[in-house]
Amino acid sequence: MDKLWSIVFSISGLCSIISFIIVAWCWKRFSKELNRDPNANSIYPSIMSGQGTAFTFLGVVWVLYNFDAANMSESIPAMLEGLKFAFVTSVFGLCGSLLAKLKANKVRHNYKSNEIDISKDEDDLYNALNN
C-alpha cells in the first residue's frame, strides 16, 4: 500500500493521473457532442492525443534534466521513472483518441443506416399525383 501512495504522489504518478483525467474529461465532452450532432467534427480526440504527446515530451525533458552522467547508479532509476511516465501518458492519450474515433464511426454508421430514403417516396408521390 505504501508503494501505491509513493507512486501516486511522485511527479510521474501525478502527471499520469492528470493525463487520465484529461482523457476522461475529453471523452465525456466528446460523447455529449456526438449525441447532439453525429456528423460534427470534434476537437476532443485531437486534444487526447495532443496531451499524450505533450506529457511525453515533458517526461523526456524531466529525464534529461535529472540525469547525472557522473553518478550513473542514481541517475538510471530517475531516468526509468521519467520514461515510464512519458509512455504511460502517451498510451492514455492515444487509446482515448483511438476509442473516440471508433465510437464516432459507429455512431455515424448507425445514424446513416437509420436515415429514410426520401427520394424514393418523392418519386412514388409524383407518379401517384400524375396518374
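Me: How many disulfides does the structure hold, and what makes a pair of cysteines count as one?

Reply: The structure holds zero disulfides, since a disulfide is a pair of cysteine sulfur atoms within 2.5 Å. This is a predicted model, in which local features need pLDDT of at least 70, side-chain atom pairs count only at pLDDT 80 or more, and totals for chains, interfaces and linings use all residues. Residues are numbered from 1 along each chain as its sequence is written, and side-chain values use heavy atoms, with hydrogens and water left out.

Me: Why is C26 called buried or exposed?

Reply: Buried means under 20% relative accessible area, exposed over 50%, and partly exposed in between (1.4 Å probe, protein chains only); C26 has 0% relative accessibility, so C26 counts as buried.

Me: What makes C95 buried, partly exposed or exposed?

Reply: The relative accessible area of C95 is 41%, so C95 is partly exposed.

Me: Why is the pair of W25 and Y44 called stacked, tilted or edge-to-face?

Reply: The structure holds three aromatic pairs. In one of them, the ring centres of W25 and Y44 are 5.8 Å apart and the planes stand at 80°, so the pair is edge-to-face; rings of Phe, Tyr and Trp (its six-membered ring) pair if their centres lie within 6.5 Å, and planes under 30 degrees apart count as stacked, over 60 as edge-to-face and the rest as tilted.

Me: How do you know that W25 and Y44 differ in burial, and which is buried?

Reply: W25 has a relative accessible area of 47%, so W25 is partly exposed, whereas Y44, at 11%, is buried.
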